[in-house]
Amino acid sequence: MKKDGFTLTELLAVIVLLGVLSLMVVPNAVKMFNQSKIKAMESQEQKVVDAANLFVQDRCTRKIDHSLECPNSYKYGVGDQKYVCLSDVQTDKYIKDIKFNNTSCTGLIIYNKDERGKYNVGKAYLFCGTGYSTDSTLNKATYDQCSL
């Protein structure tokens, strides 16, 4: 008798094998995809810092008494910190709207005073709804300082 196809057992074995392979591959692919989104946001944070640095350099002008006149958000830092609001940087077109999973991000760039008393390069803190935040220990109220 001539056999022209696969038996039901052979087809089931192939289906089971493909199912097992997909169970091993799909979670790793999803994990890699999510990690790549996080890496993209971390890269975006550095771009935000660069844009904020340009914003501060352009907006902080030296007055006759050699003091600096800076953007409002930069003037109102707390203690040894100053901050620049992401919204200020975006309003002046230094950087475009930042989104994560189609949710617009808010944020601020914090500058800390170094041992010489100068404010060094900042760190960006972004909050993009429930999808992404730079630092989960900062609550949303910290990001909302800029909307005051």
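Contact here means heavy atoms within 4.5 Å. The model is predicted.

**Exercise 1.** List the residues that Ile-109 touches, leaving out those up to four places away in sequence.

*Solution.*
1. Apply the contact cut-off of 4.5 Å between heavy atoms.
2. Before Ile-109 in sequence, the contacts are Val-48, Val-49, Ala-52, Lys-82, Tyr-83, Val-84 and Leu-86.
3. After Ile-109 come Gly-122, Lys-123 and Ala-124.

**Exercise 2.** Place Ile-109 in the largest nonpolar core, and find which elements build that core.

*Solution.*
1. The core holds 22 residues. Ile-109 is among those touching the most other members, along with Met-41, Val-48, Val-89, Ile-95 and Ile-98.
2. At least two residues each come from α1 (8–59), α3 (86–91), β6 (106–112) and β7 (123–128).
3. The top contributor is α1, with 7 residues.
4. Keep a second core apart from this one: it is separate, has 6 residues, and includes Tyr-83, Cys-85, Leu-108 and Cys-146.

**Exercise 3.** Trace the strand pairing of β7 on both counts, with β6 and with β8.

*Solution.*
1. Start with β6. It runs antiparallel to β7, and 5 bridges join the two.
2. Check one pair: Leu-108 has Tyr-125 of β7 as its bridge partner.
3. Move to β8 (residues 132–133). Its pairing with β7 is also antiparallel, over 2 bridges. Phe-127 is partnered by Ser-133 in β8.
4. Look at the turn. The β7–β8 hairpin has 3 residues between its strands, and Gly-129 takes a positive phi near 65°.

**Exercise 4.** Why is β7 described as largely enclosed by the rest of the structure?

*Solution.*
1. Buried means under 20% relative accessible area.
2. In β7, 5 of the 6 residues are buried, so the strand is largely enclosed by the rest of the structure.

Methods: Residues numbered from 1 in each chain as written. Predicted model: local features only at pLDDT ≥ 70, side-chain atom pairs only at ≥ 80, totals over all residues. Heavy atoms only, no water. Core = buried A, V, L, I, M, F, W, Y, C linked by side-chain atoms within 4.5 Å. Buried < 20%, exposed > 50% of the residue type's maximum accessible area, 1.4 Å probe, protein only. Helix = DSSP H or I, 4+ residues; strand = E, 2+ residues; numbered from the N terminus. Pairing = 2+ DSSP bridges.
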